[in-house]
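Dear colleague,

Please find below the structure that I am handing over to you, together with its sequence. My findings follow beneath it.

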Amino acid sequence: MGRKLIIICMGLLTFSAMMWGQHPSVPGTYDDDHPKTRKERSANFGVKGGFTSSLFLVSNFSVNGVAIEEVQNNYKIGYFGSVFMRINVERHFLQPEVSYNINRCNITFEKPLPDDAPVGAIPAEASITSSIHSIDVPVIYGYNIIKEGPYSLAIFGGPKIRYIWAQKSKVTFENFDQQNIKEQLRPLNLSITAGVAVTISRIFFDFRYDIGLHNISKQVSYDVPSSGNTINEADTNNEIRFHRHDNVLSFSLGVFF
């Protein structure tokens with residue numbers, strides 16, 4: 001009985017030692033102790049989610065025919081969810097993604113004073129608040145600067161196609177002289193994504209910055225209070241011109257399968 005107990009204990013100790021020597025690996029790497037055994041597939045799938053903070057780079061912005069030079073960006077938190085595939089080739093990887101994003105931002109500015117305003121008059125403040133829903137498809141290339149066992153540090157970048165869902169998106173213009181202001185957004189947009197990612201076993205998180213390459217505002221229409229006739233940004237009187245590039249800073253946490 002004592003000999004059987006000793007054999008069982010030795011077996012448990014041996015099994016524990018073997019398990020202690022095992023460790024998870026970064027997707028696409030080999031186990032150092034067993035180089036012939038691939039611990040991860042050459043292609044991995046995963047999901048991730050996180051938060052965004054949008055910044056609108058405003059240009060060619062005018063109200064009532066007067067250019068607005070100073071605009072204050074007030075950050076609002078948005079969020080997103082993504083699915084992706086990662087193709088691993090040694091230290092390199094290619095990662096196409098599909099994500100659903102809700103980006104929020106608010107900008108404020110001082111309205112131009114009318115020509116007949118009294119001396120010393122204080123300009124009123126107006127604002128534009130956006131909640132933009134979009135489906136994003138980035139395709140990024142990454143390189144693992146550090147790749148040691150289960151840990152890695154990677155940099156990445158690539159293009160991103162963005163479809164803005166106009167029916168879900170909402171833009172609110174507050175304290176404008178015009179009424180029923182509506183902004184028409186361009187449905188398809190192109191951005192450049194760049195960032196850094198840290199992986200620990202199958203868990204990772206990344207920081208990225210998306211740079212919008214062109215104006216996402218197609219047209220602004222509104223009613224003039226005195227006449228009630230709808231006009232658009234081609235008019236010169238009481239006009240609103242609003243061009244902006246949507247840049248987004250995001251943080252995400254994800255897992256590989």
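I begin with a charged pair: the side chains of Asp246 and Arg162 meet in a salt bridge, with 3.0 Å from N to O. Asp246 belongs to strand β14 (residues 240-256) and Arg162 to strand β7 (residues 151-164), so this contact ties together parts that are 84 residues apart in sequence. Asp246 is buried, its relative accessible area being 4%. Arg162 likewise counts as buried, at 4% relative accessibility. Please bear in mind that this is a predicted model.

Strand β14 takes part in a further pair of this kind. Arg244 forms a salt bridge with Glu183, and their closest N and O atoms are 2.6 Å apart. Distant parts of the chain are linked here as well, since Glu183 is in strand β9 and Arg244 in strand β14, 61 residues apart. Both Glu183 and Arg244 are buried.

A third salt bridge joins Lys48 and Asp206, whose closest N and O atoms are 3.5 Å apart. Lys48 is in strand β1 (residues 43-63) and Asp206 in strand β11 (residues 203-212), and 158 residues separate the two. Lys48 counts as buried because its relative accessibility is 7%, under the 20% limit for that class. Asp206 falls in the buried class too, at 3% relative accessibility. The salt bridge between Lys48 and Asp206 is also part of a wider arrangement: Lys48, Glu97, Asp206 and Arg208 are joined into one network by salt bridges that share partners. In the model, the count of salt bridges comes to 10.

Turning to the surface, which residues gather in a patch of negative charge? They are Glu69, Glu70, Glu110 and Glu125. Of these, Glu110 is placed in strand β5 (residues 92-110). Glu110 is exposed, with a relative accessible area of 54%.

Strand β8 (residues 170-174) shows two faces: Val171 and Phe173 make up the covered one, while Lys170, Thr172 and Glu174 make up the uncovered one. This strand pairs with strand β6 (residues 125-148) in the antiparallel sense, over 5 bridges. Within the two strands, Lys170 of β8 has Ser131 standing opposite.

Two backbone positions also deserve mention. Most residues other than glycine have a negative phi. Glu90, however, has a phi near 55°, which is a positive value in a residue other than glycine. Glu90 is found in the loop between β4 (77-89) and β5. With a relative accessible area of 64%, Glu90 is exposed. The other position is Asn175, where phi is near 65° and thus also positive in a residue other than glycine. Asn175 sits in the loop between β8 and β9 (179-185). Is Asn175 buried, exposed or partly exposed? Its relative accessibility is 44%, so Asn175 counts as partly exposed.

To summarise, the salt bridges described above include pairs of buried residues, such as Glu183 and Arg244, whereas Glu110 of the negative patch is exposed.

Yours sincerely

Terms used: Residues are numbered from 1 along each chain as its sequence is written. This is a predicted model: local features need pLDDT of at least 70, side-chain atom pairs count only at pLDDT 80 or more; totals for chains, interfaces and linings use all residues. Side-chain values use heavy atoms; hydrogens and water are left out. Patches are made of residues with over 30% relative accessible area and no salt bridge: like charges are joined within 9 Å, nonpolar side chains (Val, Leu, Ile, Met, Phe, Trp, Tyr) within 5 Å. Accessible areas come from the Shrake-Rupley method with a 1.4 Å probe; for residues, only the protein chains shown count as cover. A salt bridge is a side-chain nitrogen of Lys or Arg within 4 Å of a carboxyl oxygen of Asp or Glu. Lys and Arg count as positive and Asp and Glu as negative; His and the chain ends are not counted. The place of a charge is taken as NZ of Lys, CZ of Arg, CG of Asp or CD of Glu. Helices (H or I, at least four residues) and strands (E, at least two) are DSSP runs, numbered from the N terminus. Buried means under 20% relative accessible area, exposed over 50%, partly exposed in between (1.4 Å probe, protein chains only). Two strands pair if DSSP finds at least two bridges between them.
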